[in-house]
2 protein chains.
Amino acid sequence: MDDGDDAIRQSAPAELPGEDTQAHRFGLAREAQATAVTEDYVELIDDLITTGGEARPTDIARRLGVAHATAIKTISRLKRDGFAVSRPYRGVFLTEQGRELACRVRARHRLVVEVLTMLGVPEDVAEADAEGIEHFVSPVTLAAFAAYRDRHGA
Amino acid sequence: MDDGDDAIRQSAPAELPGEDTQAHRFGLAREAQATAVTEDYVELIDDLITTGGEARPTDIARRLGVAHATAIKTISRLKRDGFAVSRPYRGVFLTEQGRELACRVRARHRLVVEVLTMLGVPEDVAEADAEGIEHFVSPVTLAAFAAYRDRHGA
DNA sequence: TTCAAAATGAAGCCTTGGCTACAGATTGCC
DNA sequence: GGCAATCTGTAGCCAAGGCTTCATTTTGAA
């Protein structure tokens, strides 16, 4: 797992010779996958706090569709990595770093859903697919999405 | 890991009540992730056989950017799951199921790259992002992509 | 106030997908 | 034919992210 500023990773650096290029692309995808769970948890925690005032492990687990023990273990990783804090039996809270990540993740998610919808994907399918797609959309692609949305009225 | 026919998963079934919907979406994304590695390997093996006549573990590992032992272990899972066969020191071959999956995966990859490019994403970035995105594009979204491509000339 | 239900957290297990290190097979060069 | 380099495969380690089970804490209802 990366630390905060890499949780939404950068785009490809320079040119690489042929075969290495492919290996590099797979490497980028693996990195993005490693941050996906962090991003999902942080965004959900932010949602729960915003809409309900608190984020409890049981609620997080239910919303994600995992066992509560799984959520607690992942939350402990968030704490270890500086995205969240929690006091026993008192819910989970985001650090500044966590809130900042949540904000970026939510904006990216919305934009992906918007663009999918504009392309003719039904709203509910767009939401579902975006849940996976969003973690692999690089900043460059995100910028292209934003430009496309602005060009064609949303 | 799913077996063959689910390796490209289906879209969401019926309507689900509010909170369960979100849990279900995350569940779909987790399933798609579980099939992503299988899809990458199968497509790469098919490429290597088509272009070079054989797919050796070392070549697979180099192209994916992982250690050869990692590739061998994953290949053994492909064999276990009925996507590939191999004889010691004689390279890897796809089963009928494996070839069929490779074909679907390649078509999907190309379409994702095409659509990203049409949206204004630079070619190389589109290729890199598609490596991750493709695994989460449901059949419904894929159909919408194809319709979009056909509507606006590629 | 008491007590049962629900939430929490810890512990231990599994699979996946990385890695390194080492052993054995194959190949090709001399 | 022999030997070194390369390729292959096995074994063992690790972390992530699932799971179940169980003990403990908190909470809320009678």
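**Chain pairing, helix crossings and DNA surfaces**

Guide: In this predicted model, 40 residues of chain B are in contact with 40 residues of chain A, contact being counted where C-beta atoms, placed from the backbone, lie within 7 Å. Local features need pLDDT of at least 70 and side-chain atom pairs count only at pLDDT 80 or more, whereas totals for chains, interfaces and linings use all residues. Residues are numbered from 1 along each chain as its sequence is written, while chains are lettered from A and ligands numbered from 1 in the order in which they are written.

Visitor: Which element gives the most to the side of chain B that touches chain A?

Guide: That element is α1(B), with 12 residues. Helices here are DSSP runs of H or I with at least four residues, strands are runs of E with at least two, and both are numbered from the N terminus. By class, this side of chain B has 21 nonpolar, 10 polar and nine charged residues. Ala, Val, Leu, Ile, Met, Phe, Trp, Tyr, Cys and Pro count as nonpolar, Asp, Glu, Lys and Arg as charged, and the others, Gly among them, as polar.

Visitor: What turn and what shift lay chain B on chain A?

Guide: A turn of 180° and a shift of 0.0 Å along the axis lay chain B on chain A with an RMSD of 0.1 Å. The two copies are therefore related as by a two-fold rotation axis. The superposition is by least squares on the C-alpha atoms of residues with pLDDT of at least 70 in both copies. Of the residues of chain B, Ile133(B) comes closest to the rotation axis, its C-alpha lying at 2.5 Å. The same surface serves both copies, since 100% of the contact residues of chain B recur in chain A.

Visitor: Why is α4(B) called oblique to α5(B)?

Guide: The axes of α4(B) (residues 96–118) and α5(B) (residues 123–133) come within 9 Å and cross at roughly 135°. Axes are lines fitted to C-alpha atoms, for helices over the stretch in contact, and angles run from 0 to 180 degrees between N-to-C directions. Angles under 35 degrees count as roughly parallel, over 145 as roughly antiparallel, 65 to 115 as roughly perpendicular and the rest as oblique. The crossing at roughly 135° falls in the last class, so α4(B) is oblique to α5(B).

Visitor: Which residues of α4(B) and α5(B) meet?

Guide: Among them are His109(B), Val112(B) and Leu116(B) in α4(B), and Ala126(B), Ala130(B) and Ile133(B) in α5(B). The residues of this contact divide into six nonpolar, two polar and three charged.

Visitor: What makes α1(B) roughly perpendicular to α4(B)?

Guide: The axes of α1(B) and α4(B) come within 8 Å and cross at roughly 100°. This angle belongs to the roughly perpendicular class, so α1(B) is described in that way relative to α4(B). Glu39(B), Val42(B), Glu43(B) and Asp46(B) of α1(B) take part in the contact, with partners in α4(B) including Arg99(B) and Arg106(B). By class, the contact has four nonpolar, one polar and five charged residues.

Visitor: Which residues are closest to DNA strand D?

Guide: Val37(A), Ala67(A), Ala69(A), Arg56(B) and Thr58(B) are the closest of the 21 residues that surround DNA strand D. A residue is near a strand if its C-beta atom, placed from the backbone, lies within 6 Å of it. The largest share of this surface, five residues, comes from α3(A).

Visitor: Which residues come nearest to DNA strand C?

Guide: Of the 20 residues around DNA strand C, Arg56(A), Thr58(A), Val37(B), Ala67(B) and Ala69(B) come nearest. The surface near DNA strand C receives the most from α3(B), with five residues.

Methods. Two residues are in contact if their C-beta atoms, placed from the backbone, lie within 7 Å.
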